[in-house]
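Biologist: I have a model open on my screen and would like to learn how to read it. Could you walk me through it, one feature at a time?

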Amino acid sequence: MRIGIEAQRIFRPDKHGMDFVILEVLRQLQHTEDSHEYVVFVASGEDRCLSDSSNMHITEVKCPTYPLWEQWALPRAVRKSGVELLHCTSNTAPLHCPVPLILTLHDIIFLTSGKSKRMSAYQQLGWYYRRWNVPRIINRCQQIITVSETERANILKRFPQIASRLQVVHNGYSECYHPLPAEEVQAITRKYLPDEHYILFLGNTDPRKNTVGVLQAYQEYRQRSAHPLRLMITGLKREYVESLLTEHSIEIDSSHLVFTGYVPGSDLPALYGGASVFLFPSLTEGFGIPVLEAMACGTPVITSNCSSLPEVAGNGALLVDPYNSHEIAEAILQVENDKTLCKKLVEYGLEHAKLFSWSQTSDKYQKIYQLQS
């Protein structure tokens, strides 16, 4: 069977969650022994992170904006390619698809929460586009994949009619995430800060990532800790964070914050491994891959007690109310002061992460494809 897979953004240099998910699955599919032939539809980009193989062909589709790319250029490319099935992997799909359609709907946060004034123009465009597209496309899909049981329940509250066509396929994490030798960790972390110990937070301008809550918790932590660590924030500019500090009257000296900018994927395992604790208290998540990545690197994790995060973290993390900054601060202090607890979190996390892998995700995708043949 000739199967088309939409992976529009995998060649862009600053990839994010959904981009990494499909990239890792495609790499697994390249090494499977099945009878399928895959055609991957991508937009042009600088990071040529995937190449043709005997069972996979990369087709670049050019168009100036994502909505036009998906609604006009992608269907044309599908017709020309001769694929018999199209899998759209990032929440949306063309309304007029010439072949049967499978959709990965990672979450419907864009339908259940309002637009924030803190969203960038790009994020606002995506928010409006998904709200327009998903209700119109959902009934046209042969199969719909989501990434957690929690998100499946959320989707069915909004679209109960798709219950028989909606199934869960958990995400995984890359094999590059594992404990590294201390000297290798230090060589990479020293590019960002001189300290041997720090708290790690993967920043994002999306309000659901709870940057304000993390900063409020960090302020309290610094006031209460005997030996407070610096907070490393990836992915956010200093000016943006400082505006949040001013807006919410949070008093943190800027010397206590480390801004890395965008961190290449090759550096992330070391940044996880060098952190004394990883903070991921999101307000809501469809899955939460960074929780698994940090666990696999042997780092204690503090994450939220809501949405999909308890499902992903199991008993291997400290679960907190993400709306309660005092609770987040208390959890940081627990990890810092209780070495027995810290050791248990590390040991459990290393074992728990093994339950998830991209090879398992890929296998389930193949079974779904097979049912459509």
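## Reading the model together

Modeller: Happy to. Let's begin with a single polar contact: the side chain of Ser148 has a polar atom 2.8 Å from the backbone oxygen of Gly286. Please keep in mind that this is a predicted model.

Biologist: Where is the place of Ser148 in the chain?

Modeller: Ser148 sits in the loop that runs between strand 6 (143-146) and helix 5 (149-158).

Biologist: Is Ser148 buried or exposed?

Modeller: Ser148 is buried, because its relative accessible area is 0%. Leaving out residues up to four places away in sequence, Ser148 touches Val168, His170, Gly286, Ser308 and Glu311.

Biologist: Strand 6 came up there. How do I read the sheet?

Modeller: The general idea is that strands of a sheet pair through backbone hydrogen bonds, either parallel or antiparallel. Here, seven strands make an open sheet in the order 3-2-1-4-5-6-7, and the pairing is parallel.

Biologist: Which strands stand at the edges?

Modeller: Strand 3 (56-60) and strand 7 (166-168) do. Each has a single partner strand, so one side of each has no neighbour in the sheet. On average, neighbouring strands of this sheet are turned by 20° against each other, ignoring direction.

Biologist: How many bridges join strand 6 and strand 7?

Modeller: Three bridges, in the parallel sense. To find the register on screen, look for Ile144, which stands opposite Leu166 in strand 7. Helix 5 packs on the sheet and touches both strand 6 and strand 7. The direction of helix 5 makes about 160° with that of strand 7.

Biologist: Could we look inside another strand?

Modeller: Try Glu6, which is found in strand 1 (residues 2-6). Glu6 counts as buried because its relative accessibility is 1%, under the 20% cut-off.

Biologist: What is Glu6 in contact with, leaving aside its neighbours within four places in sequence?

Modeller: The contacts of Glu6 include Ile22, Phe41, Tyr66, Trp69, Leu74 and His87. For a sense of scale, Glu6 and Phe159 are 153 residues apart in sequence and 23 Å apart in space, C-alpha to C-alpha.

Biologist: And the nonpolar core: which residues have the most contacts inside the largest one?

Modeller: Those are Ile10, Leu26, Leu200, Tyr272 and Tyr369, in a core of 60 residues. A second, separate core has 34 residues, including Tyr66, Val99, Leu103 and Leu156. Going back to Tyr369, the residues it touches beyond four places in sequence include Met1, Ile3, Ile5, Tyr38 and Ile102.

Biologist: Now charges. How many salt bridges does the structure hold?

Modeller: The structure holds 16 salt bridges. In one of them, the side chains of Asp19 and Arg12 meet at 2.7 Å, N to O. Asp19 is buried, with a relative accessible area of 3%, and Arg12 is buried as well, at 19%.

Biologist: What does a salt bridge across the sequence look like?

Modeller: Lys191 and Asp267 make a good example, with their closest N and O atoms 2.9 Å apart. Lys191 lies in the loop between helix 6 (182-189) and strand 8 (198-202), and Asp267 in the loop between strand 10 (257-261) and helix 9 (268-274), so the pair ties together parts that are 76 residues apart in sequence. Lys191 is exposed at 55% relative accessibility, whereas Asp267 is buried at 6%.

Biologist: Which residues are linked in a network of salt bridges?

Modeller: Asp206, Arg208, Lys209 and Glu285 are. Within this group, the side chains of Asp206 and Arg208 meet at 3.0 Å, N to O.

Biologist: How should I read a helix?

Modeller: In general, an α-helix has 3.6 residues a turn, so residues three or four places apart point the same way. For helix 10 (residues 289-296), check burial: eight of its eight residues are buried, so this helix is largely enclosed by the rest of the structure. Among them are Ile289, Pro290 and Glu293. Just after helix 10, Gly298 takes a positive phi of about 80°.

Biologist: Where do I find a positive phi in a residue other than glycine?

Modeller: Asn210 is one case, with phi near 70°. Asn210 lies in the loop between strand 8 and helix 7 (211-224), and is buried at 8% relative accessibility. Ser249 also has a positive phi, of about 55°. Ser249 lies in the loop between helix 8 (238-247) and strand 10, and is exposed, with a relative accessible area of 61%.

Methods: Residues numbered from 1 in each chain as written. Heavy atoms only, no water. Core = buried A, V, L, I, M, F, W, Y, C linked by side-chain atoms within 4.5 Å. Buried < 20%, exposed > 50% of the residue type's maximum accessible area, 1.4 Å probe, protein only. Contact = heavy atoms within 4.5 Å. Helix = DSSP H or I, 4+ residues; strand = E, 2+ residues; numbered from the N terminus. Polar contact = N/O pair within 3.5 Å; in protein donor to acceptor, adjacent residues only side chain to side chain. Salt bridge = Lys/Arg side-chain N within 4 Å of Asp/Glu carboxyl O. Pairing = 2+ DSSP bridges. Axes fitted to C-alpha atoms, helices over the stretch in contact; angles between N-to-C directions.
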